[in-house]
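Grab a coffee and work through a few short exercises on the structure below. Try each task yourself before you read its solution.

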Amino acid sequence: QVRLVESGGGLVQPGKSLTLSCVVSDTFFSLYIMAWYRQAPGHERERVARIFTDGRTDYADSVKGRFTISRDNDKKMVYLQMNRLRVEDTAVYYCYSNRGPGYWGQGTQVTVLS
């Protein structure tokens, strides 16, 4: 059973930074693409960033240049460094593994408020 647990969310002011972490219980973690998604109230879930097995990354246009996704295969963890946060970044952030049918974490709330 693959399990993902996010942490690091919170309440911050615009312009500040947060780092989200996701620990993955999967022996084969390094073999799969990992991603961060987010869902704001009244909006569909959207992919924010993903990281491939070879370390390549891609980002949603709305976060390019502000967010950085990374992974540590030894620790079986994936991170999302979020800089220059905006009010519109407010959402529940989910960690995702594309192994098999896909696996999701429970989500962590990020609130950006003046």
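**Exercise 1. Decide whether Ser21 is buried or exposed.**

Solution. Keep in mind that you're looking at a predicted model. Start with the number: Ser21 has a relative accessibility of 16%. Next, bring in the cut-off, since buried means under 20% relative accessible area. Ser21 therefore counts as buried. Now place it: Ser21 sits in strand 3, which covers residues 18-25. Finally, check the company it keeps. Setting aside residues up to four places away in sequence, Ser21 touches Val5, Glu6 and Ser7, plus Trp36, and also Met77, Val78 and Tyr79.

**Exercise 2. Work out the strand order of the open four-stranded sheet, and say which strands form its edges.**

Solution. Reading across the sheet, the order is 1-3-8-7, and the pairing is antiparallel. The edges are strand 1 (3-7) and strand 7 (67-72), each of which pairs on one side only. On average, neighbouring strands in this sheet are turned by 15 degrees against each other, direction ignored. Now zoom in on one pair: strand 7 and strand 8 (residues 77-82) run antiparallel and are joined by six bridges. Within strand 8, Met77 is the residue standing opposite Asp72.

**Exercise 3. Find which residues of the largest nonpolar core touch the most other members, and which strand gives the most to this core.**

Solution. A general point to begin with: in soluble globular proteins, nonpolar side chains tend to be buried together. Here, the largest nonpolar core has 26 residues, and those touching the most other members are Met34, Trp36, Phe67, Val78, Leu80, Met82 and Tyr93. Several strands each supply at least two residues of this core, among them strand 4 (34-39), strand 5 (46-51), strand 9 (91-97) and strand 11 (108-112). Strand 3 gives the most, with four residues. To see one core member up close, pick Phe67: beyond its neighbours within four places in sequence, its contacts include Val48, Tyr59, Leu80, Met82, Leu85 and Tyr93. Polar residues show up around Phe67 too, including Arg38, Gln81, Asn83 and Asp89.

**Exercise 4. Locate Asp26, then settle whether it is buried or exposed.**

Solution. First, the location: Asp26 belongs to the loop between strand 3 and strand 4. Its relative accessibility is 5%, so Asp26 counts as buried. Then look for a polar partner: a polar atom of the Asp26 side chain lies 2.9 Å from the backbone nitrogen of Phe28. Last, leaving aside neighbours within four places in sequence, Asp26 is in contact with Val2, Tyr32, Lys76 and Arg99.

Definitions and conventions
Residues numbered from 1 in each chain as written. Predicted model: local features only at pLDDT ≥ 70, side-chain atom pairs only at ≥ 80, totals over all residues. Heavy atoms only, no water. Pairing = 2+ DSSP bridges. Axes fitted to C-alpha atoms, helices over the stretch in contact; angles between N-to-C directions. Buried < 20%, exposed > 50% of the residue type's maximum accessible area, 1.4 Å probe, protein only. Contact = heavy atoms within 4.5 Å. Core = buried A, V, L, I, M, F, W, Y, C linked by side-chain atoms within 4.5 Å. Polar contact = N/O pair within 3.5 Å; in protein donor to acceptor, adjacent residues only side chain to side chain.
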